[in-house]
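Subject: Structure handover and notes

Dear colleague,

I am passing on the structure we spoke about, together with some notes on what turned up when I went through it. Please have it open beside you as you read.

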Amino acid sequence: MKKCLSLMFIITLSLQLKAQHSLLKLWETDSVINLPESVLPDLKAKMLYVSVMGNNPNDKDGIGGIGKIKPNGKVIDLNWISGLNSPKGLAISANLMYVADLTDVVVIDIAKGEILRKIPIENTKFLNDITVNEKGIVYVSDSRTKRIYKIENDAPSLYLDSINGVNGLKAIGEDLYILGGRNFLKADAGKKITKIAELPNGGDGLEPIGNGDFLCSSWGGYVYYVYADGRCDLLLDTHLEKKNTADIGYDPEKRIVYIPTFYKKTVMAYQLQ
């Protein structure tokens with residue numbers, strides 16, 4: 001009996017070790033992207049979009065924009081969209097891109113590469129991440145005011161308030177997943193909030209793996225694998241290199257993670273294993 005229990009323990013431990021994930025670096029661009037904050041893969045177009053903040057993440061200076069990079073890391077056009085302020089989170093719904101740009105949500109026609117309109121949100125200071133659900137409803141976080149806003153038919157309204165450190169968002173079905181400081185939360189359709197996990201550091205980017213697990217980045221230089229049961233594994237640590245890991249993007253088909261490095265002015269790609 002003791003031998004059987006020992007064997008079962010060894011098998012269980014072996015399976016747990018095999019289940020652990022890792023990141024294998026594929027490429028990194030040259031330091032030519034002026035403060036990249038968010039990367040968004042467009043799987044249909046086989047393109048990566050990157051928000052380019054410009055000289056400062058806080059300024060309304062009109063020198064920010066959106067760039068285009070190929071999935072192999074080749075920079076195509078860092079001025080695909082220009083004239084923004086300090087764009088951060090990006091999201092796509094149908095043929096439209098939504099951009100969190102300090103106090104406005106910018107709507108872009110992807111095919112034409114043109115800004116269609118800007119949706120100002122009153123009393124906002126630092127719009128950060130943005131997501132769109134299957135119904136086309138947009139959610140955007142304001143990290144400075146601890147609020148999440150909802151935009152429906154181009155009309156913004158307050159959705160959730162008093163979420164400390166609110167940043168990363170991801171709408172999945174009727175649920176909204178939220179990174180608020182170190183807390184990884186879920187708000188259901190009735191706005192009931194439950195805590196999924198607690199990260200070692202404040203969260204930034206948030207991407208679902210597709211099986212209930214998530215990838216979460218922390219701006220200081222960390223990427224975590226968060227299991228559905230709340231367990232958290234460190235996948236990447238670049239903080240000693242002073243290389244930030246901002247709002248990550250993820251290709252679920254090829255299992256590739258795209259990481260903007262903010263002050264290092266590059267985008268990195270890693271294979272999730």
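The notes below take the pockets, then a sheet, then the salt bridges.

Please keep in mind throughout that this is a predicted model.

The largest pocket has a volume of about 980 Å³, and 33 residues line it, with Leu40, Pro41, Ile92, Val132 and Lys170 lying nearest its centre. The elements that give two or more residues to this lining are strand 2 (36-42), strand 6 (90-93), strand 10 (127-132), strand 14 (166-172) and strand 18 (206-208), and of these strand 2 gives the most, with 5 residues. Sorted by class, the lining of the largest pocket has 20 nonpolar, 6 polar and 7 charged residues.

The second largest pocket has a volume of about 300 Å³ and is lined by 18 residues, of which Phe126, Asn128, Asn167, Asp204 and Trp219 lie nearest the centre. Its lining divides into 6 nonpolar, 8 polar and 4 charged residues.

Strand 2, which you have already met in the lining of the largest pocket, also belongs to an open sheet of 4 strands, in the order 2-3-4-5 and with antiparallel pairing. Strand 2 and strand 5 (75-84) are the edge strands, each pairing on one side only, and the twist from one strand to the next averages 20 degrees. Strand 4 (residues 64-69) runs antiparallel to strand 5 and is joined to it by 4 bridges; Ile69 stands opposite Val75 in strand 5.

The count of salt bridges comes to 11. Among them is the one between Arg147 and Asp161, at 3.6 Å from N to O. Arg147 lies in strand 12 (residues 147-152), whereas Asp161 lies in the loop between strand 13 (155-160) and strand 14, so the pair ties together parts that are 14 residues apart in sequence. Arg147 is partly exposed, at 25% relative accessibility, and Asp161 is partly exposed as well, at 39%.

Another salt bridge joins Glu28 to Lys25, with the closest N and O atoms 2.6 Å apart, and these two residues are linked with Glu241 and Lys243 in a network of salt bridges. Glu28 has a relative accessible area of 28% and is partly exposed, and Lys25, at 38%, also counts as partly exposed.

The side chains of Arg231 and Asp229 meet in a salt bridge too, at 2.9 Å from N to O. Here Arg231 counts as partly exposed at 47% relative accessibility, while Asp229, at 54%, counts as exposed because the cut-off for that class is over 50%.

With best wishes

Terms used. Residues are numbered from 1 along each chain as its sequence is written. This is a predicted model: local features need pLDDT of at least 70, side-chain atom pairs count only at pLDDT 80 or more; totals for chains, interfaces and linings use all residues. Side-chain values use heavy atoms; hydrogens and water are left out. On a 1 Å grid over the protein atoms alone, a cavity is a set of points where a 1.4 Å probe fits but cannot get out, and a pocket is an open set with protein on both sides within 12 Å along at least five of seven lines; lining residues have an atom within 4 Å of a point. Grid points are joined across faces, edges and corners, and a volume is the space filled by probe spheres set on the points. Ala, Val, Leu, Ile, Met, Phe, Trp, Tyr, Cys and Pro count as nonpolar, Asp, Glu, Lys and Arg as charged, and the others, Gly among them, as polar. Two strands pair if DSSP finds at least two bridges between them. Axes are lines fitted to C-alpha atoms, for helices over the stretch in contact, and angles run from 0 to 180 degrees between N-to-C directions. A salt bridge is a side-chain nitrogen of Lys or Arg within 4 Å of a carboxyl oxygen of Asp or Glu. Buried means under 20% relative accessible area, exposed over 50%, partly exposed in between (1.4 Å probe, protein chains only).
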